[in-house]
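Open the model in your viewer and keep the selection panel to hand. This tour goes stop by stop, naming what to select and what is there.

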Amino acid sequence: MESLHEEALITEYRKTSQQLQLIWDEIGFDAECREVRVSHVNAEVKVLLQSMVEKEKQFKKKMESDIARLGQQFYNLNKDLHTKIAETAENFSLLELENFLRKNVEILMKEVRKRTARLKELQIVEEELCKRLVEEPLETPGSRVPALDDIEQLERRIRTLEQEKVNREKTFQHLQSTILELHEALEHKPNCTFEFDIIAGMEYFVLSQRNLQKMKAMKVELEQKLEQNQEESCDLKNQIQRLWDQLEVEEQERNDFLSNVEGHAPSTITKLQEELGRLKAKRQQNLSKCINKMRREIEDYWEKCYISEEERNNFTDYISDEYSEEVLESHEQQVHKLTKYYNDNIAIFNKIEQRKELWEKFVDLEERANDPNRYGNRGGALLKEEKQRKTVKKDLPLIEKELTTMILSWEVAHGKTFEVMGMSIGDYMDNEWWQYRERKENEKKKKQTERVSRLNYESRMGTRPPAVKRRLPSNDTLRTSKLQRVSEDHPLSAKSKNITRMALRERNQNSVREGHNSSEVSTYSHFASNVNPRRTCSTPNLGGTFLGLI
């Protein structure tokens with residue numbers, strides 16, 4: 001290839017030389033002038049060729065400089081983009097190497113521009129979300145070229161912010177709805193910019209955590225206010241109801257008023273307060289009637305709450321002859337106190353009533369068992385009575401155990417003794433059993449005394465005792481065995497019975513002397529530690545007293 005270029009160049013030179021010779025012939029240059037002209041032409045050609053060589057050298061030098069620059073740029077871009085550097089062929093010429101580097105640098109620069117544009121786009125979205133949610137934007141990467149990890153991190157951040165935005169919008173809508181309902185229920189009107197923003201809606205509300213917390217605090221405050229209004233209105237209605245009952249207001253008048261005081265708004269409370277004031281003024285004119293009616297209500301609660309005589313006597317206004325506002329107020333306080341006490345412990349009182357019914361049934365069955373005329377009954381009455389007795393034997397200990405457990409829980413929670421007729425539940429049940437045994441003993445002694453008196457009278461008067469029908473041995477045996485079980489098996493019989501009776505009397509006397517001071521009353525656990533040892537001497541369960549007697 002080079003020889004062809006050289007031959008073409010030589011041919012061109014020869015052609016040029018021939019043309020110059022023709023020109024010089026026409027001009028008429030002699031040999032000497034021609035020699036000078038040829039030397040000049042050769043010098044010019046030499047300078048031109050040298051100039052061309054220099055230009056090509058400059059071009060090569062520039063190419064080498066471009067290759068160095070592109071090579072450095074290619075290396076830096078691969079480093080910044082965290083990409084693997086492409087390997088070049090070992091036999092690359094300068095031109096091929098320059099083209100390779102230029103092409104790859106362009107590809108890498110395109111990736112840089114793509115990442116930069118994506119980063120900027122994401123930063124704009126993040127900025128809008130952060131502005132909406134009042135959050136701090138993610139720190140901008142310090143490198144010139146965004147890394148894929150940085151872009152992915154920003155994308156995750158944006159997804160988190162978008163989800164947070166959705167959650168906050170839902171929270172706002174729920175809180176806004178609740179607050180508006182509370183405003184309506186409380187007849188409240190907005191009085192600050194924040195409340196106006198809530199009413200205006202989500203478009204004008206800044207969904208910051210701080211603002212949502214303020215909304216939650218406002219909701220709680222409004223709910224507390226509504227709850228206070230509810231309690232106040234309920235209390236007012238209860239007071240009005242009591243005054244209606246005291247003043248015997250007609251049902252139609254009550255219904256007409258209640259139909260106009262629905263809800264718990266301030267206007268409703270105002271109406272209730274006005275009605276209460278009107279009724280109090282009317283009651284002022286009927287104090288004696290109202291006080292006497294409240295006394296009947298107090299008596300009813302005394303019975304339902306098993307209040308002792310001593311505690312009843314402590315309420316001295318009950319027997320006062322004075323009819324004044326102060327006496328009426330003390331009666332109202334007493335009614336309120338008893339009502340709350342009964343309602344707070346209604347489960348216990350229901351259980352006491354249940355136990356009372358079983359106890360009365362037990363006593364009745366025992367009295368019927370000692371009736372000599374019962375064996376003349378026909379039609380299965382004795383069988384039915386025996387079934388009832390078995391049921392009572394089974395249920396009464398269970399009820400006593402349940403009742404004791406309930407009261408023990410109450411005493412642990414309140415740190416004091418739950419009193420039934422001024423006694424702990426253990427003393428109360430023991431006292432009933434003791435009274436029952438005393439009554440049985442008295443009846444037995446009375447019969448023995450009457451028999452001795454009759455025999456003495458007959459011996460003095462010489463009167464023969466009337467004939468007595470012979471009783472069946474099986475019945476006498478049944479009664480004898482029953483009395484033996486009562487006297488021998490019961491845990492409080494004989495010496496144990498006397499000790500228990502003395503302990504109960506001493507405890508009751510101490511309670512009377514000390515005035516039932518609540519600070520000195522022992523808890524049930526203290527009571528159990530003193531009483532249970534004497535119970536467990538014969539039976540471990542709570543129905544032991546009952547089982548021992550039967």
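For the helix pair at the first stop, an axis is a line fitted to C-alpha atoms over the stretch in contact, and the angle between two axes runs from 0 to 180 degrees between N-to-C directions. Bear in mind that this is a predicted model.

**Stop 1: α13 and α14**

Select α13 (381-414) and α14 (425-461). The two helices pack at an angle of about 150 degrees, and their axes are 10 Å apart. Angles over 145 degrees count as roughly antiparallel, so α13 and α14 fall in that class.

Now show the side chains between them. From α13, pick Leu 396, Glu 400, Leu 403, Thr 404 and Ile 407. They meet Ile 425, Met 429 and Trp 433 of α14. How do the residues of this contact divide into nonpolar, polar and charged? Six are nonpolar, one is polar and one is charged.

**Stop 2: the whole chain**

Zoom out and colour by secondary structure. The protein chain has 18 helices and zero strands. Of its 550 residues, 31% are buried. Take the contacts with a separation of 6 or more: 74% of them join residues 24 or more positions apart.

**Stop 3: the largest nonpolar core**

In soluble globular proteins, nonpolar side chains tend to be buried together. Here the largest nonpolar core has 40 residues. Select Ile 352 and Phe 418, the residues with the most contacts inside this core. Then add the helices that each supply at least two of its residues: α6 (209-247), α8 (266-284), α9 (287-304), α11 (325-344), α12 (346-369), α13 and α14. Which helix gives the largest share of this core? That is α9, with seven residues.

Apart from this core lies another, of 24 residues. To find it, select Leu 129, Ile 151, Met 218 and Leu 222, which are among its members.

Go back to Phe 418 and show its surroundings. Beyond its neighbours within four places in sequence, Phe 418 contacts Tyr 341, Asn 345, Ile 348, Phe 349 and Ile 352, among others. Its contacts also include Ile 407, Trp 410, Glu 411, Met 423, Ser 424 and Ile 425.

**Stop 4: two cysteines**

Select Cys 290 and Cys 305. Cys 290 is buried, with a relative accessible area of 0%. Cys 305 also counts as buried, at 1% relative accessibility. How many disulfides are there, taking a pair of cysteine sulfur atoms within 2.5 Å as the rule? The count is zero.

**Stop 5: Tyr 318**

Move to the loop between α10 (309-314) and α11, where Tyr 318 lies. Is Tyr 318 buried or partly exposed? Tyr 318 is partly exposed, with a relative accessible area of 21%; the buried class ends under 20%. Leaving out residues up to four places away in sequence, Tyr 318 touches Arg 295, Glu 299, Trp 302 and His 331. Draw a C-alpha to C-alpha distance from Tyr 318 to Gln 334: 9.9 Å, with their positions 16 residues apart in sequence.

**Stop 6: Glu 169 and Ile 199**

Select Glu 169 in helix α4 (residues 148-186). Glu 169 is buried, at 18% relative accessible area. Outside its neighbours up to four places away, Glu 169 touches Met 202 and Leu 207.

Finish at Ile 199, in helix α5 (residues 193-200). Ile 199 counts as partly exposed, at 38% relative accessibility. Beyond four places in sequence, Ile 199 is in contact with Gln 176, Leu 180 and Pro 190. Ile 199 and Leu 180 are 19 residues apart in sequence, yet 7.7 Å apart in space, C-alpha to C-alpha.

Terms used:
Residues numbered from 1 in each chain as written. Predicted model: local features only at pLDDT ≥ 70, side-chain atom pairs only at ≥ 80, totals over all residues. Heavy atoms only, no water. Core = buried A, V, L, I, M, F, W, Y, C linked by side-chain atoms within 4.5 Å. Buried < 20%, exposed > 50% of the residue type's maximum accessible area, 1.4 Å probe, protein only. Helix = DSSP H or I, 4+ residues; strand = E, 2+ residues; numbered from the N terminus. Contact = heavy atoms within 4.5 Å. Parallel < 35°, antiparallel > 145°, perpendicular 65-115°, else oblique. Nonpolar A, V, L, I, M, F, W, Y, C, P; charged D, E, K, R; others polar. Disulfide = S-S within 2.5 Å.
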